Amino acid sequence: MARASEPDFDPIGIFKALDRARVSYIVIGGLARVLQGTDELTDGVDIVPAMREENLRRLDLALDELNAQRRDGKKTRALTGVNVLELGTDLGELKIVPEPAGTRGFDDLRRAASREYLGSGVRVAVASVGDLARMTAALGREQDEPALRMLHSVAEIERSIGHGLEL
Amino acid sequence: MTSGMLIREARLRASLTQTELSERSGRDRAQIARWESDSVQPSFETLRDLVRACGFDLALALVPYDVDEGGEKRLRENLFRSPENRLQAMLKERKR
């Protein structure tokens, strides 16, 4: 059933649903940039799932729990041949991106991703600053230039104050 | 952008592993890993050689640089917050 209004954005709730179904994924996009330190607002969760069959089955269970529905009104949630699956859920927007621009997907991003604690027992894998910059640059969109500049600044500041800040 | 990000981006755009870049450039693989992680900084000439080994070149130009002190200060403050606090601050800001 369609939603009467936009739900409050609850990224922790979305991550909890994914974790309950034991989905393997990496957070990318605007929310990942915020978690890595950029100064911007975002209203959705973007993830890159592992494309193993079992993981996709688990993802489907989580999407059921979140009452996820495609933004374009189509019923199928199959990821084959899809660049981005845009979903509305009970807890906000969720985009599933099998192979983000400039990358080779989950296994590519996993190497440099870090696991970050977000509170409420939730710990997620977040794409690295370098990989986020790579994805943002590969999109080649003018609207992303401020975010790309911030990512570059974050990388430079991190380097200047030393790696491995204990947070 | 850091030199490490530039090397890694060039290598990945060329679909090379660190080992393959090591063979092409004649540099030690472990050293390439240190450069990519920005734990050690290569010289400009080394950076250019590595990028060229990936099939690219550095196009450098001097452009005006405006320091956004407010933005830089906010980023520095953000980096001393935990990811949990960064998320909470962003969600609070959204509600304003």
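Let us start where two chains meet: helix α2 (residues 29-36) of chain A packs against helix α6 (residues 83-95) of chain B at an angle of about 120°, with their axes 8 Å apart. Helices here are DSSP runs of H or I with at least four residues, numbered from the N terminus. Axes are lines fitted to C-alpha atoms, for helices over the stretch in contact, and angles run from 0 to 180 degrees between N-to-C directions. The model is predicted, so local features need pLDDT of at least 70 and side-chain atom pairs count only at pLDDT 80 or more, while totals for chains, interfaces and linings use all residues. Residues are numbered from 1 along each chain as its sequence is written, chains are lettered from A in the order in which they are written, and side-chain values use heavy atoms, leaving out hydrogens and water.

How do α2(A) and α6(B) lie to each other? They are oblique, a word for angles left over once those under 35 degrees (roughly parallel), over 145 (roughly antiparallel) and 65 to 115 (roughly perpendicular) are set aside. Their crossing is right-handed, a term used if the near helix is turned clockwise from the far one by less than a right angle. From α2(A), the residues A:Leu31, A:Val34, A:Leu35 and A:Gln36 meet B:Pro83, B:Arg86, B:Leu87 and B:Met90 of α6(B); contact means heavy atoms within 4.5 Å. This contact has six nonpolar residues, one polar and one charged. In this scheme Ala, Val, Leu, Ile, Met, Phe, Trp, Tyr, Cys and Pro count as nonpolar, Asp, Glu, Lys and Arg as charged, and the others, Gly among them, as polar.

A second pair also joins the chains. Helix α6 (residues 145-161) of chain A and helix α5 (residues 69-79) of chain B pack at about 60°, with axes 10 Å apart. The crossing of α6(A) and α5(B) is right-handed. Among the residues that make the contact are A:Met150, A:Val154 and A:Ile157 of α6(A), and B:Leu75 and B:Leu79 of α5(B). By class, this contact has six nonpolar, two polar and three charged residues.

Now take the interface as a whole. Here 40 residues of chain A are in contact with 26 residues of chain B. The two chains bury about 3000 Å² between them, 67% of it on carbon and sulfur atoms; buried area is the accessible area (1.4 Å probe) that two parts lose on being put together, summed over both.

Side chains of opposite charge can pair when their charged atoms come close. Two salt bridges are found across the interface of chain A and chain B, each a side-chain nitrogen of Lys or Arg within 4 Å of a carboxyl oxygen of Asp or Glu. B:Arg74 and A:Asp39 meet in a salt bridge at 2.5 Å, N to O. Over all chains, the structure holds 21 salt bridges.

Chain A has its own pairings too. A:Arg57 and A:Glu54 meet in a salt bridge (2.8 Å, N to O). Because they are three residues apart in helix α3 of chain A, about one helical turn separates them. Helix α3 (residues 53-65) also packs with helix α1 (residues 11-20) of chain A, at an angle of about 135° and with axes 8 Å apart.
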